[in-house]
Amino acid sequence: MCMRRCLVGLTFCTCYLASYLTNKYVLSVLKFTYPTLFQGWQTLIGGLLLHVSWKLGWAEINSNSRSDVLTWLPASVLFVGIIYAGSRALSRLAIPVFLTLHNVAEVIICGHQKCFQKEKTSPAKICSALFLLAAAGCLPFNDSQFDPDGYFWAIIHLFCIGAYKILQKSQKSNALSDIDQQYLNYLFSVVLLAFASHPTGDLLSVLDFPFLYFYRFHGSCCASGFLGFFLMVSTVKLKSLMTPGQCAAWIFFAKVITAGLSILLFDMILTRATVGCSDLLAASRR
């Protein structure tokens, strides 16, 4: 069992690392900044692979209840906000900065539990949330590559994550499993992003993309779609086999190696103050 957990954890870390690096390459190096198309493609591939897995008996999907589907619809809207805003933020921010801001969603969840659900919160958890908030607040002032639009979309991204997790937790009685929820997220995202591609201008602007017919672009987009699916599957498996504390440890490890390798692979300028903010956030997540 221990060996199986380690294998699942390492698989998750590999998928996490490869997914972020591939997405960053497409968004920042190739500069494919058309989020409705890029995220629509990823969710289409994820939905198709999950549907095929269901038909082959590799995954169980039970989303026949209309009431359960309608109840989950607001969460699917937030999921679209997460991937759309995340794509726009990641295209402008360095991966360590993006992951640092991504962690602040935990502050929203902690605040909601304390203020609205009146849950007992340990002093250590409150201190951790305050450290996260303080470090994230200092980050923009010490970022030598500060991009206002990047931070704007990162803030929307983390608020959507916080709201999504709060809504997910409040619907524990819902009959939908994690796979059911993700399947509905994929279906809703494909439809909404397809309709949004024209009003946002992405559908027509993409015709001017310089790498539209290059194999590097096609290969990277295919890889991003498949890696996103495998990351989802490995995440579900990780949560089913491990305790919340063990899951958090593996996620923390995945973020650390992803941030570290991204510094070597992509051009970025990280000041000591920026690294200090990231370290403070990392320490508060332990």
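Colleague: What share of the 286 residues counts as buried in this protein?

Modeller: It's 47% of the 286 residues. Keep in mind that this is a predicted model. A residue goes into the buried group if its relative accessible area is under 20%.

Colleague: And what is the fold made of, in helices and strands?

Modeller: There are 12 helices and 0 strands. Read from the N terminus, the elements go α-α-α-α-α-α-α-α-α-α-α-α.

Colleague: Let's take single residues, then. Why is Tyr84 called buried?

Modeller: Its relative accessible area is 18%. The cut-off for buried is under 20%, so Tyr84 with its 18% gets the label. Tyr84 sits in helix H3, and the C-alpha of Pro35 is 5.9 Å from that of Tyr84, although the two are 49 residues apart in sequence.

Colleague: What makes Trp58 exposed?

Modeller: Exposed takes over 50%, and Trp58 has a relative accessible area of 67%, so it qualifies. You'll find Trp58 in the loop between helix H2 (35-55) and helix H3 (66-90).

Colleague: Which residues join Trp58 in a nonpolar patch on the surface?

Modeller: Val52 and Leu56 do, and the three together have about 370 Å² of accessible area. Patch members need over 30% relative accessible area, and Trp58 at 67% meets that requirement.

Colleague: Lys31 next. Why does Lys31 count as exposed?

Modeller: The relative accessibility of Lys31 is 56%. Since exposed starts at over 50%, Lys31 at 56% is in that class. Lys31 belongs to the loop between helix H1 (2-29) and H2. Its backbone is worth a look too: phi is positive, about 60°, although Lys31 is not a glycine.

Colleague: On to charges. How many salt bridges does a search of the whole structure find?

Modeller: The search gives 3.

Colleague: What makes Arg92 and Asp147 a salt bridge?

Modeller: The N to O distance between their side chains is 3.2 Å. The criterion is a Lys or Arg side-chain nitrogen within 4 Å of an Asp or Glu carboxyl oxygen, and 3.2 Å satisfies it. Arg92 is in the loop between H3 and helix H4 (95-102) and Asp147 in the loop between helix H6 (123-138) and H7, so the bridge ties together parts that are 55 residues apart in sequence.

Colleague: How do you know that Arg92 forms a salt bridge with Asp149 as well?

Modeller: Their closest N and O atoms are 3.9 Å apart, which is still within 4 Å. Here Arg92 in its loop pairs with Asp149 in helix H7, so parts 57 residues apart in sequence are tied together.

Colleague: Are these partners buried or partly exposed?

Modeller: Both labels turn up. Asp147 is buried, because its 17% is under 20%. Arg92 has 38% and Asp149 has 40%. Partly exposed covers what lies between the 20% and 50% limits, so Arg92 and Asp149 are partly exposed.

Colleague: Which residues form the salt bridge between helix H7 and helix H5?

Modeller: That's Lys165 with Glu106, with the closest N and O atoms 3.4 Å apart. Lys165 lies in helix H7 and Glu106 in helix H5 (residues 105-115), so the bridge links parts 59 residues apart in sequence. Lys165 has 35% relative accessibility, so it counts as partly exposed, and Glu106 with 26% counts as partly exposed too.

Colleague: Which residues do the salt bridges that share partners join into one network?

Modeller: Arg92, Asp147 and Asp149.

Colleague: Now helix packing. Why is H3 called roughly antiparallel to H7?

Modeller: The axes of H3 and helix H7 (residues 148-170) cross at roughly 155° and come within 8 Å. Angles over 145 degrees earn that name, so H3 is roughly antiparallel to H7.

Colleague: Is the crossing of H3 and H7 left-handed or right-handed?

Modeller: H3 passes H7 in a left-handed crossing.

Colleague: And what makes H8 roughly antiparallel to H10?

Modeller: Helix H8 (residues 178-196) and helix H10 (residues 215-241) pack at about 155°, with axes 10 Å apart. That angle is over the 145 degree limit, so H8 and H10 are roughly antiparallel. Their crossing is right-handed.

Notes:
Residues numbered from 1 in each chain as written. Predicted model: local features only at pLDDT ≥ 70, side-chain atom pairs only at ≥ 80, totals over all residues. Heavy atoms only, no water. Patch = residues over 30% accessible without salt bridge, like charges linked within 9 Å, V, L, I, M, F, W, Y side chains within 5 Å. Areas by Shrake-Rupley, 256 points an atom, 1.4 Å probe, with all protein chains shown as cover. Helix = DSSP H or I, 4+ residues; strand = E, 2+ residues; numbered from the N terminus. Buried < 20%, exposed > 50% of the residue type's maximum accessible area, 1.4 Å probe, protein only. Axes fitted to C-alpha atoms, helices over the stretch in contact; angles between N-to-C directions. Parallel < 35°, antiparallel > 145°, perpendicular 65-115°, else oblique. Left-handed = near helix turned anticlockwise from the far one by under 90°.
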